[in-house]
Amino acid sequence: MKRYFLLIMAVLMTTAMLLTACQPQSEDQAPTIASYEGYSNIPDLGDIAGVKSDKPLASAAAARMDVDPETVFVYPLGDIPEDALNVWTKELKARGFEKNGTLEEAGNTVTWYSDDRKIGVVAGYMDTDKQGGMDALGVFLVNKSLAGRYVDIDYDVVQEGWGNANNGARFFIDDKKIFGFGYVGAAEGMLSKNTDSSAALMLIEGAHPRYVHEWDKTVYACLSDRLVAIDTKEKDPEEAVTTLLDGNLQSLQIVNEKLWYTTKNGLFYCDLDGENTVKVNGKKMKDAYLVGDKVYYRDTEDENTEHAYSLLTEADTRVTEEAVSSFFLGSKGNGYYIAKRDVKPEEPAEDEETTDEKTTEKAAEDKEASEETTTAAEEASEEEPETAWTLIRVSLKDGETTELTTVREGTALVGIGSKVYYVSDEHQGQIYSISKSGGTPKRVTRDEDCKYLMTFHDMILYYDYDDETEEGLEHIYISTPDGFMKSDILG
């Protein structure tokens with residue numbers, strides 16, 4: 001009896017730990033741009049080269065990055081002597097900066113970091129006249145005594161937020177409530193429900209929310225035709241729900257207290273109240289996610305390959321050479337994604353026959369049934385090769401890929417620490433994990449047909465369709481990453 005009591009207490013403590021950890025995202029948790037004071041001795045390229053920055057182009061780049069315009073500089077390439085550029089890069093190295101990328105590859109944004117990673121330089125070539133050639137160098141730096149913002153990325157935070165976005169961020173949980181799709185009686189739609197399974201409140205009937213986020217006691221959600229904000233302090237649904245934007249939003253992210261989103265018409269951002277909309281570009285971006293100075297997205301006009309768009313230079317770089325789904329950055333240098341690849345045929349096992357014996361036997365078989373084997377070979381050559389959905393690691397530095405394991409089609413990838421979690425076809429749709437460096441996958445769950453895989457502060461959250469009931473949100477499970485402890489949040 002004592003053993004069962006301890007087990008029950010452990011489950012309850014696990015649930016309590018998760019709900020305590022799932023606090024609304026605060027500004028210092030945002031996986032993007034943090035504020036720092038200036039650095040007194042970063043060399044100024046303009047001073048070294050004796051040229052001035054193009055202020056209109058610099059202001060436009062600063063607006064895209066939401067940074068202080070005084071920290072962004074754009075220099076026409078024709079005005080910068082090559083020896084001055086060499087002097088500038090050597091000066092950065094002398095101050096302890098580490099180069100990431102290369103300044104010599106046109107169109108590729110380059111980042112320089114200091115040793116303490118608190119201040120630095122981001123640079124890249126720009127096509128400012130849109131004529132297909134690089135004609136300027138954009139530089140973003142905290143210079144002299146200026147206060148500015150610098151790209152400082154916590155990849156553990158990035159992969160959690162990005163992984164949840166891969167599944168449409170269909171639910172949000174704070175310390176007391178869960179927001180998402182469910183039922184109240186016979187009505188279905190977006191609701192809020194206490195995490196003790198009481199007080200279900202229908203907020204928007206008939207809605208299927210996606211990209212659900214919370215900021216400062218306000219929940220934001222994309223519906224099929226609009227973006228809404230829900231005041232969590234207001235108990236009357238009619239008073240709580242406000243439409244901010246009309247249209248079908250295809251992604252939503254809160255960055256530096258701005259709403260960043262995509263539609264079929266491009267990438268935009270606006271204030272938290274939906275006002276002051278700015279169009280960043282007109283690209284058709286699918287599954288867009290902003291990290292630092294880049295927006296990563298699937299380019300539907302380039303065979304669904306993953307791309308990175310620089311907010312500083314507007315350079316667009318292809319990250320993968322194949323169509324992807326569920327992409328995310330799991331570290332500074334590697335991305336992880338799913339792609340459909342041909343399965344390599346297994347090599348035939350070697351037997352103990354000698355080479356001469358094999359040759360003699362093969363010749364006899366060919367002579368005996370030459371016409372039949374020819375026909376069979378022709379038919380086999382026309383068959384489609386066997387394929388499988390494969391989890392792949394790609395190096396951002398050189399594009400080299402490594403196959404890690406096979407996954408279920410349509411699964412969402414999430415990352416926790418050094419592991420990637422996914423849904424497998426093994427055991428009717430269980431959740432598995434695998435090391436980011438590869439190895440043997442490990443089974444995590446014992447629930448069939450797992451869906452909506454998400455993470456919250458190093459815990460796994462998933463919806464088990466095998467246990468689906470009329471109440472919709474009655475079976476949302478949380479688990480430790482090793483699967484040792486599992487609990488129904490609303491049970």
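How many nonpolar, polar and charged residues does the lining of the largest pocket have, by class? In this predicted model, the split is 11 nonpolar, 12 polar and 9 charged. The pocket itself has a volume of about 820 Å³. Its lining is made up of 32 residues, and Asn100, Asn108, Lys294, Leu396 and Lys397 are the ones closest to the centre. As for secondary structure, two or more lining residues come from each of β4 (110-113), β21, β23 (316-318) and β26.

Strand β21 also leads into the aromatic part of the picture. Going by ring geometry, the model holds 10 aromatic pairs. One of these joins Tyr296 to Phe327 in a stacked arrangement, with 6.4 Å from centre to centre and 15° between the planes. Here the chain is brought together from distant parts: Tyr296 belongs to strand β21 (residues 294-299) and Phe327 to strand β24 (residues 325-329), 31 residues apart. Tyr296 has a relative accessibility of 7%, so it counts as buried. Phe327 has a relative accessible area of just 3%, and so is buried too. Next along the chain from that residue, Phe328 makes a stacked pair of its own with Tyr336, at 5.7 Å centre to centre and 25° between the planes. Both partners in this second pair are buried.

The Tyr296 and Phe327 rings do not stand alone. Together with Trp162, Tyr289 and Tyr337, they make up one aromatic cluster. Tyr296 has a long list of contacts even with residues up to four places away in sequence left out: Trp162, Asp287, Ala288, Tyr289, Val291, Glu306, His307, Ala308, Val319, Phe327, Leu329 and Leu396. Among these, Leu396 turns up again as one of the residues closest to the centre of the largest pocket.

What are the residues with the most contacts inside the largest nonpolar core? They are Trp162, Tyr296, Phe327 and Leu391, in a core of 28 residues. Two or more core residues are supplied by each of α5 (155-166), β20 (285-291), β24, β25 (334-342), β26 (387-395), β29 (419-423) and β30 (431-435). Separate from this core is another one, of 24 residues, including Ala58, Val67, Val280 and Met285. As background, nonpolar side chains in soluble globular proteins tend to be buried together.

Elsewhere, Thr89 sits in helix α4 (residues 82-94). Its relative accessible area is 15%, and with the cut-off for burial set at under 20%, Thr89 is therefore buried. Once neighbours within four places in sequence are set aside, Thr89 is in contact with Leu103 and Trp112.

Two loop residues deserve a word on backbone geometry. Most residues other than glycine have a negative phi. Lys217, however, has a positive phi, near 65°, and so does Asn256, near 50°. Lys217 lies in the loop between β12 (210-215) and β13 (218-222), while Asn256 is found in the loop between β16 (251-255) and β17 (258-263). Are these two residues buried or partly exposed? Lys217 is partly exposed, at 43% relative accessibility, whereas Asn256 is buried, at 10% relative accessible area.

Conventions. Residues are numbered from 1 along each chain as its sequence is written. This is a predicted model: local features need pLDDT of at least 70, side-chain atom pairs count only at pLDDT 80 or more; totals for chains, interfaces and linings use all residues. Side-chain values use heavy atoms; hydrogens and water are left out. Rings of Phe, Tyr and Trp (its six-membered ring) pair if their centres lie within 6.5 Å; planes under 30 degrees apart count as stacked, over 60 as edge-to-face and the rest as tilted. Helices (H or I, at least four residues) and strands (E, at least two) are DSSP runs, numbered from the N terminus. Buried means under 20% relative accessible area, exposed over 50%, partly exposed in between (1.4 Å probe, protein chains only). Contact means heavy atoms within 4.5 Å. A nonpolar core is a set of buried Ala, Val, Leu, Ile, Met, Phe, Trp, Tyr and Cys residues joined through side-chain atoms within 4.5 Å. On a 1 Å grid over the protein atoms alone, a cavity is a set of points where a 1.4 Å probe fits but cannot get out, and a pocket is an open set with protein on both sides within 12 Å along at least five of seven lines; lining residues have an atom within 4 Å of a point. Grid points are joined across faces, edges and corners, and a volume is the space filled by probe spheres set on the points. Ala, Val, Leu, Ile, Met, Phe, Trp, Tyr, Cys and Pro count as nonpolar, Asp, Glu, Lys and Arg as charged, and the others, Gly among them, as polar.
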